[in-house]
Amino acid sequence: MTGMTAPRAAAMGIAFVALATVPYWVGNSYYVDVASQILLFAVFALALNVLVGYGGLVSLGHAGLFAIAGYTAGLMLQAGHGHMAADLAAVVVTLAASAVFAVLALRSTGIGFLMITLAIGQILWGIAYRWADLTNGDNGVNISTRPAPFGISLASAPSFYYATLVVFILALATMAAFVRSPFGASLRGTRDQARRMTALGYNVWLIRFLAFLFSGFWSGIAGLLYIYNKQFISPQIAALQASAEVLLRWISGGTATLLGPIAGAAIVVIMKYVVSAYVVRWNLVLGVIFVAIISFMPEGLVPGSVRLWRRLRAPRPPGKPGAPS
């Protein structure tokens with residue numbers, strides 16, 4: 001084991017122990033619920049990170065995919081279907097919507113891609129808001145129960161937290177494997193040198209399309225976690241603000257990293273659900289935090305912190321000969 005590997009392994013072990021023991025040292029169910037929301041929004045940010053960080057495709061419509069999964073599951077449950085059928089339907093519908101999203105949005109890149117995803121996201125928000133016969137409009141969709149996988153009830157805050165933690169770990173492991181895979185390398189290639197990748201014989205459009213589906217899948221999983229956490233979903237979750245918020249989580253935490261979106265999600269959720277109880281203008285504080293991160297750590301909080309840590313640990317160069325001691 002190298003000198004770099006040992007501290008990293010130790011840090012990962014400490015982080016895992018801390019996450020696994022959250023219900024014990026937090027205690028209060030409200031804060032356990034906040035921890036669940038950090039994890040589920042981290043999954044959502046990681047899903048967006050696949051497309052934006054590694055594919056170079058900035059999307060302002062991913063909240064629509066997040067909402068599609070939640071609405072599909074909620075409406076299926078309201079119709080009397082079981083959790084398994086509702087969850088499978090939510091994943092299938094989200095993947096189908098992701099495919100349509102990709103076909104439409106990948107007609108362009110850069111600002112064109114961003115504007116197309118923004119337009120589609122607004123269409124989905126409009127459907128959720130205006131099609132009241134289906135979505136119940138502003139009143140949203142309520143569900144009364146949570147699933148019980150393997151007979152384990154998720155009704156309490158700690159049990160739901162552990163279920164969310166399992167999904168989060170699966171998402172993180174899958175993302176790590178994706179990043180290190182040849183496909184992940186080819187996706188980064190399309191981000192950096194799309195023309196050269198085409199010249200080398202790679203199907204750039206197909207690579208981006210599959211990345212969009214992968215990102216959409218995990219966005220849908222995060223949407224499922226959200227509706228089971230809140231037991232309610234409304235059009236607000238598909239609004240432009242929701243897409244912009246997850247993009248801010250990604251930017252503030254660190255681009256093209258796995259830990260960055262997690263850190264960004266933690267900042268936003270803690271500010272929204274914890275700090276807001278003590279600070280009335282918490283949005284202003286959050287804005288100041290974002291500005292500070294972008295100003296002093298333009299690469300994001302996690303990469304910036306690593307850079308500062310390495311600078312502090314780096315040996316200082318010896319003084320010049322003859323210089324006063």
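So, is F41 buried or exposed? Let's start there. One thing up front: what we have here is a predicted model. In this model F41 comes out at 7% relative accessibility, so F41 counts as buried; the cut-off for that is under 20%.

Okay, now the rings. How many aromatic pairs does the structure hold? There are 13 of them, and I'll talk you through a couple.

Take F41 again, this time with Y226. Their ring centres sit 6.1 Å apart and the planes meet at 65°, so we call this pair edge-to-face, since anything over 60 degrees goes in that class. What I like here is the distance along the chain: F41 belongs to helix α3, residues 29-52, while Y226 belongs to helix α11, residues 204-230, and the two are 185 residues apart. And Y226? With 12% relative accessibility, Y226 counts as buried too.

Next up, F44 and F66. This aromatic pair is stacked, with 4.5 Å from centre to centre and 20° between the planes. F44 is in helix α3 and F66 is in helix α4, residues 62-78, so this pair ties together parts of the chain that are 22 residues apart in sequence. Both of these residues, F44 and F66, are buried.

Now put those four side by side. F41, F44, F66 and Y226 are linked into a cluster by ring pairs. So if you're looking at the structure on screen, go find helix α3 and look for F41 and F44.

Last thing, and then I'm done: a charge over a ring. R146 lies over the face of F160, 4.4 Å from the centre of the ring.

Key. Residues numbered from 1 in each chain as written. Predicted model: local features only at pLDDT ≥ 70, side-chain atom pairs only at ≥ 80, totals over all residues. Heavy atoms only, no water. Phe/Tyr/Trp six-rings, centres within 6.5 Å; stacked < 30°, edge-to-face > 60°. Helix = DSSP H or I, 4+ residues; strand = E, 2+ residues; numbered from the N terminus. Buried < 20%, exposed > 50% of the residue type's maximum accessible area, 1.4 Å probe, protein only. Lys NZ or Arg CZ within 6 Å of the ring centre and 35° of its normal.
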